[in-house]
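Q: Please take a close look at one part of this model, the surroundings of the ligand, and work outward from there. Keep it brisk.

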Amino acid sequence: PLTDLTPDQLAERLTALRADYAALQAKGLKLDLTRGKPGADQLDLSDGLLGLPTSTKDRAGTDVRNYGGLDGLVELREIFADLLGVDVAQVVAGGNSSLTMMYQVVSWLLSHGGPDSPRPWSQEETVKFICPVPGYDRHFTMLAELGIEMVTVPMHADGPDVPAVRALVEDPSVKGMWLVPTYANPTGAVCSTEVAAELMAMPTAAPDFRILWDNAYAVHHLTDVETKSADALALASASGHPNRPIMFASTSKITFAGAGVAVIAASPENKEWYLKRLSFASIGPDKINQLRHVEFFGDADGVRAHMRKHRDLIAPKFAAVQDALTSRLDGLGIATWSKPTGGYFVDLDVLDGTATRVVQLAKEAGIALTPAGSAFPHGNDPDDRNIRLAPTFPVLAEVEAAMAGVAVCAELAATEKLAGA
Ligand code: PMP
């Protein structure tokens with residue numbers, strides 16, 4: 001371990017690392033590991049969509065070129081119901097972005113309140129959300145934008161820290177919570193059925209407490225173990241809180257990012273509430289795009305088969321991240337990282353107090369990383385140690401080059417710190 005070295009040994013190591021870093025800079029790299037975007041080869045998998053739909057009518061014979069059908073095509077809702085393990089009646093298929101649907105839900109809770117709210121959330125003195133950290137930066141920036149306070153709990157390998165959540169929900173101003181239950185962004189954690197059951201059953205001071213169950217990576221397996229998500233809606237209704245969870249998903253990282261289909265799934269009361277609010281904002285979704293997706297996949301197994309093609313393209317990139325980190329950093333005692341079995345990210349914890357420095361060193365060597373702290377509310381990682389790595393977009397050789405560089409930067413920053421340099 002680096003932490004065991006004497007000051008002289010550290011100084012020697014620092015000299016060697018500075019030479020490695022200079023060699024890295026001399027390569028003149030221009031690489032980007034910042035956002036979890038599909039690679040071009042992944043997008044090619046869905047090019048069949050561009051010639052679809054061949055029909056202009058849905059199963060019921062309705063002309064999809066016209067207005068109407070606010071809750072989306074039933075045949076598409078059936079596919080999502082199967083993938084998400086919910087009832088088709090619980091699903092609304094909408095537009096191209098689940099993030100937009102989350103924004104609608106939070107906005108409408110603020111402006112109108114939910115079906116079980118004593119008053120609109122905006123009329124409360126303060127509204128707080130529980131944010132498992134590290135988490136998805138856009139969840140946090142959305143809440144900041146809408147004036148909702150954020151309180152954090154640790155995210156473990158099996159989901160959020162339940163005792164911490166239980167303590168927070170005793171406060172009636174805590175109205176909601178984010179959760180990416182499967183292959184979480186960025187840790188890859190999978191919420192266990194036990195944790196999900198506790199979250200759905202626990203008493204909360206707010207009668208209208210919501211868990212925004214963002215299952216963005218429900219079918220995004222990286223191995224042949226196709227982990228099933230906890231059955232949030234059924235667990236919630238079995239424990240007497242049917243309205244607590246609202247589930248979101250989309251095909252953004254299944255077909256085309258930004259041109260897919262997004263869905264929500266919720267209790268009958270929540271679904272009616274959502275559609276009521278939506279009816280003032282939309283005359284119906286893009287049914288042509290929905291039908292295109294139905295024709296392209298056929299059924300839920302069509303989606304699963306398609307996801308295996310994604311897996312074959314991106315699993316080598318995730319393996320390259322592991323190889324680079326292991327070969328340089330294993331045993332040094334200055335970094336730990338996730339080994340996700342699905343999703344889009346690897347979560348790297350470097351030596352406390354050095355994440356900002358690592359990101360800066362990488363930048364100066366031509367490797368763009370997500371800013372340190374991004375996975376925390378207001379960008380504030382109290383330990384300055386967390387870095388989210390997104391290896392899907394660059395080609396494999398670039399992932400290898402970038403990650404070899406990141407490992408040098410992590411070791412250099414740690415050695416500088418330990419040497420007091
Ligand atoms: N939720 C999570 C957890 C995500 O990682 C992402 C995409 N990066 C989204 C939502 C965005 O989904 P959409 O494209 O459907 O808006």
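A: Helices here are DSSP runs of H or I with at least four residues, strands are runs of E with at least two, and numbering starts at the N terminus. The model is predicted. On that count the protein has 13 helices and 13 strands.

Start at the ligand. Its shell includes Gly36, Ser97, Ser98, Leu99, Tyr136 and Val180. Asn185, Asp214, Ala216, Ser250, Ser252 and Ala262 are also around the ligand. By class, the shell holds five nonpolar residues, six polar ones and one charged residue.

Take Tyr136 from that list. Tyr136 sits in the loop between β3 and α5. Is Tyr136 buried or exposed? Tyr136 is buried, because 23 C-beta neighbours lie inside 10 Å, and 20 or more are enough to count as buried. Beyond its neighbours within four places in sequence, Tyr136 contacts Val180 and Asn185, and these two residues are also around the ligand. The C-alpha atoms of Tyr136 and Val180 are 8.3 Å apart, although their positions lie 44 residues apart along the chain.

The loop of Tyr136 also holds Pro134, between β3 (128–133) and α5. The peptide bond from Val133 to Pro134 is cis, with omega near -5°. Asn185 brings in another such bond: a cis peptide bond joins Asn185 to Pro186, with omega about 5°. Pro186 lies in the loop between β6 (174–179) and α7 (193–201). Most peptide bonds are trans, and most residues other than glycine have a negative phi.

The loop between β6 and α7 also contains Tyr183. Its phi is near 50°, a positive value in a residue other than glycine. Tyr183 is buried, with 26 other C-beta atoms within 10 Å. Set His378 beside it. Phi of His378 is near 55°, again positive in a residue other than glycine. Yet His378 is exposed, with 10 other C-beta atoms within 10 Å. His378 lies in the loop between β12 (367–368) and β13 (386–389).

Now back to the shell, at Ser98 and Leu99. These residues belong to helix α4, which runs over residues 98–111. Its 14 residues should span 20 Å at 1.5 Å a residue, and the end C-alpha atoms are 20 Å apart, so the length agrees. Which residues of α4 are buried? They are Ser98, Met101, Met102, Val105, Val106, Trp108 and Leu109. Seen down the axis, the buried residues of α4 fall within an arc of 165°, so they line one face. The general pattern is simple: an α-helix has 3.6 residues a turn, so residues three or four places apart point the same way.

What does that buried set pack against? The partners are α5 (137–145), β7 (210–214), β8 (245–250), β9 (262–265) and α9 (268–278). Several shell residues fit in here by number: Asp214, Ser250 and Ala262 are around the ligand, and the ranges of β7, β8 and β9 include these positions. Just after α4, Gly113 takes a positive phi of about 80°.

For contrast, look at helix α1 (residues 7–26). α1 has 20 residues and reaches 28 Å from its first C-alpha to its last, close to the 28 Å expected at 1.5 Å a residue. Gly28 follows α1, and its phi is positive, near 60°. Lys30 comes in the loop between α1 and β1 (31–32). Lys30 is exposed, with 10 C-beta neighbours inside 10 Å. Its C-alpha lies 27 Å from that of Gly342, 312 residues away along the chain.

Lys228 is another exposed residue, with 10 other C-beta atoms within 10 Å. Lys228 sits in the loop between β7 and α8 (232–238). The C-alpha atoms of Lys228 and Ser192 are separated by 9.6 Å, at 36 residues apart along the chain.

Finally, the whole chain. For 421 residues a compact globule would have a radius of gyration near 22 Å, and the protein has 23 Å, which agrees. The C-alpha trace spans about 75 × 50 × 35 Å along its principal axes. Of the 421 residues, 48% count as buried. Among contacts with a separation of 6 or more, 77% join residues 24 or more positions apart.

Note on methods:
Residues are numbered from 1 along each chain as its sequence is written. This is a predicted model: local features need pLDDT of at least 70, side-chain atom pairs count only at pLDDT 80 or more; totals for chains, interfaces and linings use all residues. A residue is near a molecule or strand if its C-beta atom, placed from the backbone, lies within 6 Å of it. Ala, Val, Leu, Ile, Met, Phe, Trp, Tyr, Cys and Pro count as nonpolar, Asp, Glu, Lys and Arg as charged, and the others, Gly among them, as polar. The expected span of a helix is 1.5 Å times one less than its number of residues. A residue is buried if 20 or more other C-beta atoms lie within 10 Å of its own, exposed if 12 or fewer, and partly exposed in between; C-beta atoms are placed from the backbone. The arc is that of the directions from the helix axis to the C-beta atoms. Two residues are in contact if their C-beta atoms, placed from the backbone, lie within 7 Å. The radius of gyration is taken over C-alpha atoms; the globule rule is 2.2 Å times the number of residues to the power 0.38.
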